[in-house]
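Q: I would like a close look at one part of this model, set against the chain as a whole. Please keep it brisk and give the numbers.

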Amino acid sequence: MSHRITDVRIHSLSAPFRRAYWLALEPYTASTVVLVEIETDGGLVGIGEIHARPHSEIVRVLNEAFRPRLLGEDPVETERLWDTLFRLTYSREAARFADTDGHPIGESGKQSMMAAIGGVDIALWDLKAQIAGLPLYRLLGGQVAAVPAYASGGYYGNDGGADIEGLVTEMESYAERGYSAVKMKVGGLSIAEDVARVKAVRDALPDVKLMVDATCAWDVATAIEAARALEPFEIEWLEEPVAWFDPVEALAQVASATRIPIASGEQELHRWGCRNLVDRGMIRILQFDCTRSGGVSEWLRVAAYASAHNVLMAPHFDPKIHGHLVAAAPNGYIQEVSPDDPLWLELFVERPDVRDGHIVLSDRPGLGLVLDRDVLAHYSTDAGA
């Protein structure tokens, strides 16, 4: 029986936090997502999520460029549909979504288009697995439904300060909830102050895997100095240690100077950027996020390349989607969870559980997600209208 796409619905959501959570260089104030629903003539609905910005531009791409091309198509044909949408990024169609002020050459609009492709592709794979009657991880060849997870948090205080007491209390709470691995932020204060924060967490949790994330805060010299200062604390990985302007060669310099494994890739848009990280960046862990760009199809390509180079996959964010991919990839390592994220906690009536530090995937077909329509309406913004 063939299936045809009859509708594409877009929702822009924002759930404000109770307080600002400071990363190294900026505050994190709300959980946001563009949610994509793709419906078929058989009544099936696939769900995709996009964790990128700006929402208004992504929604415009979805509604104006992608939706007309998807209606009437067979959702099972993921490769062909991905290629159809991707080709728009290097066609005259892309100019409609670029900044037209000044000289036209540049990347403007490409990120929004790649993010939109990601949301559509995830929804198509959800449908594809539903049509097959299998959980997505099983459709992709995975066997084990329990995926190792780590609790991601460890932000700075309300004003961006060290707040060591609050930090330790937060990280201990994750361990009490069964997580055997946790991640915290560094890079926002002096190296000495960050070392004191890391030491406090390590002293409180001596047997827990500890990752640190600098969110692109340092130049090479500072990153090397910081990495060497952190080595005594048995760090599982050092994430995104170098600033935005030299994301590959600088990583290799840092990786060469420390025994801490380097992780990166959550901000990459496609397989070619990830190839550069693997080939030249000397990373040990690749964090490509299919909800930011490219979707499941591109994630699988990235994971295959990483596997051939002995690089592990530990995707950024969105465990309800990435958990399926980690479960199916031979180099799937561990999955990030933000335990107190309001959209993770509230948006779905049915989603994977987290038990004993593992994401436990259900046997429901597809992603196994069921939306809470009341929560969807509560957090909706005008950008999705």
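How many positive and negative side chains does the protein chain have, and how far apart do the centres of the two sets lie? After that, please concentrate on helix α10, residues 295-308. What do Ser297, Arg301 and Val302 touch, leaving aside residues up to four places away in sequence?

A: The model is predicted. Charges come first. The protein chain carries 35 positive side chains and 56 negative ones. The centres of these two sets lie 5 Å apart.

Next, the setting. The protein chain has 13 helices and 15 strands. Its C-alpha atoms fill a box of roughly 60 × 50 × 40 Å along the principal axes. The radius of gyration is 20 Å, which agrees with a compact globule, because 385 residues packed that way would give a value near 21 Å. Of those 385 residues, 57% are buried. Contacts reach far along the sequence: among those with a separation of 6 or more, 71% join residues 24 or more positions apart. The accessible surface comes to about 15900 Å². Carbon and sulfur atoms hold 50% of that surface.

Now helix α10, which spans residues 295-308. Three of its residues are worth taking in order.

Ser297 is in this helix. Its relative accessible area is 2%, under the 20% cut-off, so Ser297 counts as buried. Beyond its sequence neighbours, Ser297 touches Thr78, Trp82, Asp121 and Trp125.

Arg301 is also placed in α10. Here the accessibility is 21%, which lies between the 20% and 50% limits, so Arg301 counts as partly exposed. Its contacts away from its sequence neighbours are Glu79, Trp82 and Arg271. Trp82 thus appears in the contact list of Ser297 and in that of Arg301. The Arg271 contact bridges 30 residues of sequence, with a C-alpha to C-alpha distance of 6.8 Å.

Val302 lies in α10 too. It is buried, with a relative accessible area of 2%. Val302 touches Arg271, Cys274, Leu286, Phe288 and Met313, again not counting residues up to four places away. Take Cys274: it is 28 residues from Val302 in sequence, yet the two C-alpha atoms are 6.8 Å apart. Arg271 is a contact of Val302 as well as of Arg301.

These contacts lead on to helix α9, residues 271-280. Val278 has its place there. With a relative accessible area of 10%, Val278 is buried, because the limit is 20%. Away from its sequence neighbours, Val278 is in contact with Ile283, Leu286, Tyr305, His309 and Val311. Tyr305 falls within the span 295-308 given for α10. Leu286 is a contact of Val278 and of Val302. One further spacing: Val278 and Ser264 are 14 residues apart in sequence and 9.6 Å apart in space, C-alpha to C-alpha.

Leu286 then ties this region to the interior. The largest nonpolar core has 82 residues, and Leu286 and Val198 are those with the most contacts inside it. Apart from that core lies another, of 31 residues, including Val61, Phe66, Phe97 and Ala115. In soluble globular proteins, nonpolar side chains tend to be buried together. Around Val198, the touching residues beyond the sequence neighbours are Met184, Val186, Leu210, Val212, Leu230, Phe233 and Ile235.

Last, the backbone away from α10. Most residues other than glycine have a negative phi, and most peptide bonds are trans. Three places depart from that pattern. Arg53 and Pro54 are joined by a cis peptide bond, with omega about 5°. Pro54 sits in the loop between β3 (45-50) and α1 (55-70). Asp163 has a positive phi, near 45°. It is found in the loop between β4 (146-152) and α5 (164-176), and at 42% relative accessibility it counts as partly exposed. Glu234 also has a positive phi, of about 50°. Its loop runs between α7 (220-230) and β7 (235-239). At 52% relative accessibility, over the 50% limit, Glu234 counts as exposed.

Back to α10, in brief. Ser297 and Val302 are buried, while Arg301 is partly exposed. Val302 touches Leu286, one of the two residues with the most contacts inside the largest nonpolar core.

Notes
Residues are numbered from 1 along each chain as its sequence is written. This is a predicted model: local features need pLDDT of at least 70, side-chain atom pairs count only at pLDDT 80 or more; totals for chains, interfaces and linings use all residues. Side-chain values use heavy atoms; hydrogens and water are left out. Helices (H or I, at least four residues) and strands (E, at least two) are DSSP runs, numbered from the N terminus. The radius of gyration is taken over C-alpha atoms; the globule rule is 2.2 Å times the number of residues to the power 0.38. Buried means under 20% relative accessible area, exposed over 50%, partly exposed in between (1.4 Å probe, protein chains only). Contact means heavy atoms within 4.5 Å. Accessible areas come from the Shrake-Rupley method with a 1.4 Å probe; for residues, only the protein chains shown count as cover. Lys and Arg count as positive and Asp and Glu as negative; His and the chain ends are not counted. The place of a charge is taken as NZ of Lys, CZ of Arg, CG of Asp or CD of Glu. A nonpolar core is a set of buried Ala, Val, Leu, Ile, Met, Phe, Trp, Tyr and Cys residues joined through side-chain atoms within 4.5 Å.
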